[in-house]
Amino acid sequence: MSAAPAEQPHGEPQAGRSLLEEANALMELLPGHRVEIIGGQILVSPPADGAHAEALTDLMIPFLAVGLHGQESRVVQSVGIWLPDGPEDYAVPDLSVVDADYKDHRVKNNCYDPVSFRLVLEVTSSNYRTDLRTKVSAYAIAKVPVYVIVDRQHDRLHVLTDPVADEYDTHRVHAPGELVTLPESIGAKVTLDVEAVLAAARRKPESEENGLA
């Protein structure tokens with residue numbers, strides 16, 4: 001999810017509006033924010049901080065280097081995935097590897113069928129439980145084969161594979177100093193340096209950001 005402050009849940013939509021209409025109204029009201037519907041609840045996230053954005057740029061490099069942004073697959077940021085666990089549910093992963101023809105599988109609201117997604121990746125925000133819990137279930141139900149979480153709160157990288165029902169059968173947690181090779185089912189061999197990924201994603205101390213260090 002996008003970064004600090006925490007994502008804010010929203011309640012029932014205004015009278016006469018569907019949940020999806022309410023979500024779209026919020027997007028117009030809050031430019032630059034990320035709006036999702038997960039588990040029948042609207043989540044609104046503020047724009048990403050600089051470390052979050054830089055981490056995504058760095059993370060794209062190993063995927064691009066092995067040719068995943070080519071004729072068979074594409075590497076994309078902030079492309080919506082339509083979720084099957086609710087009539088209007090959708091999420092907007094920070095980064096995804098999708099089939100090259102994913103645009104032929106548009107469902108609605110600029111979101112695409114989960115069958116086109118080979119991998120989704122999230123960089124946690126202040127409300128990290130959304131990525132570590134809520135989205136685990138949502139992406140498993142959608143049968144996304146690989147879910148990667150850059151966990152800034154606990155300084156860890158999570159790799160989840162083998163979705164079964166509402167969870168992933170395999171959940172490995174990796175610490176700085178490790179090299180992690182993702183399943184080649186995404187289309188190529190991608191190896192991530194956990195320390196490098198987490199270093200890019202770490203927020204600077206507030207005093208340093210304000211030039212007080």
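Is Arg202 buried, partly exposed or exposed? At 36% relative accessibility, Arg202 is partly exposed. The model is a predicted one, and the values below are computed from it.

**Salt bridges**

The whole structure contains eight salt bridges. Three of them are listed here.

| Acidic residue | Basic residue | N to O distance |
|---|---|---|
| Asp94 | Arg34 | 2.8 Å |
| Glu36 | Lys135 | 2.8 Å |
| Asp155 | Arg202 | 3.2 Å |

Arg202 is paired through its side chain with Asp155. Asp155 sits in the loop between β11 and β12, and Arg202 in the loop between α4 and α5 (206–209), so this salt bridge ties together parts that are 47 residues apart in sequence. Asp155 is also partly exposed, with a relative accessible area of 23%.

The pair formed by Asp94 and Arg34 is buried on both sides: Asp94 has a relative accessible area of 0%, and Arg34 has one of 10%. A residue counts as buried under 20%. In the Asp94 and Arg34 salt bridge, the acidic partner comes from the loop between β6 and β7 and the basic partner from strand β2 (residues 34–38), so parts 60 residues apart in sequence are tied together.

Strand β2 also supplies Glu36, whose partner Lys135 belongs to helix α3 (residues 129–141); the pair therefore ties together parts that are 99 residues apart in sequence. Glu36 is buried at 0% relative accessibility, and Lys135 is likewise buried at 0%. Through shared partners, salt bridges join Glu36, Lys135 and Glu122 into one network.

**Surroundings of Ala91**

Both Glu36 and Lys135 touch Ala91. Ala91 is part of strand β6 (residues 90–91) and is buried, with 1% relative accessibility. Beyond its sequence neighbours up to four places away, Ala91 also touches Ile38, Val79, Gly80, Ile81, Leu83 and Tyr139. The C-alpha atom of Ala91 is 8.4 Å from that of Cys111, a residue 20 places away along the chain.

**Nonpolar cores**

In soluble globular proteins, nonpolar side chains tend to be buried together. The largest nonpolar core here has 28 residues, and the members that touch the most others are Phe63, Leu119, Leu121, Val150 and Leu182. Two or more residues of this core come from each of α2 (50–65), β7 (95–99), β10 (117–123), β11 (146–151), β12 (156–164) and α4 (194–201).

Which residues does Phe63 contact, leaving aside neighbours within four places in sequence? They are Leu68, His69, Val75, Leu95, Val97, Leu119, Leu182, Ile186 and Val190. Leu119 and Leu182 are thus contacts of Phe63 and are also listed with Phe63 among the members touching the most others.

A second core, separate from the largest one, has 24 residues, including Ile81, Tyr102, Tyr128 and Ala140. Ile81 is one of the residues touched by Ala91.

**Helix α1**

Which residues of helix α1 (residues 19–29) are buried? They are Leu19, Leu20, Glu22, Ala23 and Leu26. Viewed down the axis of α1, these buried residues fall within an arc of 160°, so they line one face of the helix.

Methods
Residues numbered from 1 in each chain as written. Predicted model: local features only at pLDDT ≥ 70, side-chain atom pairs only at ≥ 80, totals over all residues. Heavy atoms only, no water. Core = buried A, V, L, I, M, F, W, Y, C linked by side-chain atoms within 4.5 Å. Buried < 20%, exposed > 50% of the residue type's maximum accessible area, 1.4 Å probe, protein only. Helix = DSSP H or I, 4+ residues; strand = E, 2+ residues; numbered from the N terminus. Contact = heavy atoms within 4.5 Å. Arc of directions from axis to C-beta. Salt bridge = Lys/Arg side-chain N within 4 Å of Asp/Glu carboxyl O.
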